[in-house]
Amino acid sequence: AVVSTQSTGEMEKLEWNEPNNEIIKRLENHVFGSSGRCLDATHVLDLHEDGYIKPHIDSVKFCGALVSGMSLLSDAVMRLKLDDDNYSDVFIPRLSVYIMSRHIRYKYTHEILPNTSTIHGKEVHRTRRITLMKRSIESDHVDL
């Protein structure tokens, strides 16, 4: 797993209660359109306040070219890094949706920084963060 061994939990979830299922379907439609070309399971990542996600590049073995995340409970800072001299920190507000594809997923490492980070001079204190991830199906790979 790419998450730290500290205070995290991950699972794949197929079934939701009706109100939550409606939200998941809206996310799928927004990101993948009416084609519904995403994996059935929603990847749920529970990142506790003292946890973080290590820098990683996504594997092409597990899904296609597109991944979306619905960030719940807390603001966070994601770092996208090509090399030591070329990186960018991205503010991810709570209750937002982000989409990553192509070069960002396969050429840059990405990580969720530890619970206190600074971006554009503003301190971001991340508390517990739950993210619902939807991924495109494997056959949707694109040439890089």
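**Exercise 1. Placing H110**

In which strand is the place of H110? Work out its burial and contacts too.

*Solution.* This is a predicted model, in which local features need pLDDT of at least 70, side-chain atom pairs count only at pLDDT 80 or more, and totals for chains, interfaces and linings use all residues. Residues are numbered from 1 along each chain as its sequence is written, and side-chain values use heavy atoms, with hydrogens and water left out.

Step 1. Find the element. H110 lies in strand β8, residues 109-112. Helices (H or I, at least four residues) and strands (E, at least two) are DSSP runs, numbered from the N terminus.

Step 2. Check accessibility. H110 counts as buried because its relative accessibility is 5%. Buried means under 20% relative accessible area, exposed over 50%, and partly exposed in between, with a 1.4 Å probe and protein chains only.

Step 3. List contacts, meaning heavy atoms within 4.5 Å. Neighbours within four places in sequence are set aside; H110 then contacts K54, P55, H56, D58, M78, R79, L80, M100, I104 and R105.

**Exercise 2. Partners of β8**

Identify the strands that pair with β8, and give a residue pair for each.

*Solution.* Two strands pair if DSSP finds at least two bridges between them.

Step 1. Take β3, residues 53-56. It pairs with β8 in the antiparallel sense over 2 bridges. Here I112 of β8 stands opposite I53.

Step 2. Take β5, residues 76-83. It is also antiparallel to β8, with 4 bridges. R79 has E111 in β8 as its bridge partner.

**Exercise 3. The open sheet**

Which order do the 5 strands of the open sheet follow? Name the edges and describe the β4 to β7 pairing.

*Solution.*

Step 1. Read the order: β1-β2-β11-β4-β7, with antiparallel pairing.

Step 2. Pick out the edges. β1 (8-13) and β7 (96-101) each pair on one side only.

Step 3. Add the twist. From one strand to the next, it averages 20 degrees. Axes are lines fitted to C-alpha atoms, for helices over the stretch in contact, and angles run from 0 to 180 degrees between N-to-C directions.

Step 4. Inspect β4, residues 66-72. It runs antiparallel to β7, and 6 bridges join the two. L66 is bridged to S101 in β7.

**Exercise 4. Positive phi**

Describe the backbone setting of L73 and H120.

*Solution.* Most residues other than glycine have a negative phi.

Step 1. Take L73. Its phi is positive, near 75 degrees, and L73 is not a glycine. L73 sits in the loop between β4 and β5. L73 counts as partly exposed because its relative accessibility is 44%.

Step 2. Take H120. This non-glycine residue has a positive phi of about 50 degrees. H120 belongs to the loop between β9 (116-119) and β10 (122-125). At 78% relative accessibility, H120 is classed as exposed.

**Exercise 5. Far in sequence**

Locate E49 and D46, then relate each to a residue further along the chain.

*Solution.*

Step 1. Place E49. It lies in the loop between β2 (42-47) and β3. With 34% relative accessibility, E49 is partly exposed.

Step 2. Find its neighbours. Residues up to four places away in sequence do not count; E49 touches N115, H125, R126, T127 and R128. The C-alpha atoms of E49 and T116 are separated by 9.3 Å, with the two residues 67 apart along the chain.

Step 3. Turn to D46, in strand β2. At 17% relative accessibility, D46 is buried. From D46 to L72 is 9.6 Å, C-alpha to C-alpha, at 26 residues apart in sequence.

**Exercise 6. The whole chain**

Summarise the protein chain, then check its rings.

*Solution.*

Step 1. Count elements. The chain has 2 helices and 11 strands. Along the sequence they read β-α-β-β-β-β-β-β-α-β-β-β-β.

Step 2. Take the totals. Of the 144 residues, 38% are buried. Among contacts with a separation of 6 or more, 82% link residues 24 or more positions apart.

Step 3. Look for a charge over a ring: NZ of Lys or CZ of Arg within 6 Å of the ring centre and within 35 degrees of the ring normal. The charged end of K13 sits over the ring of W16, 5.1 Å from its centre.
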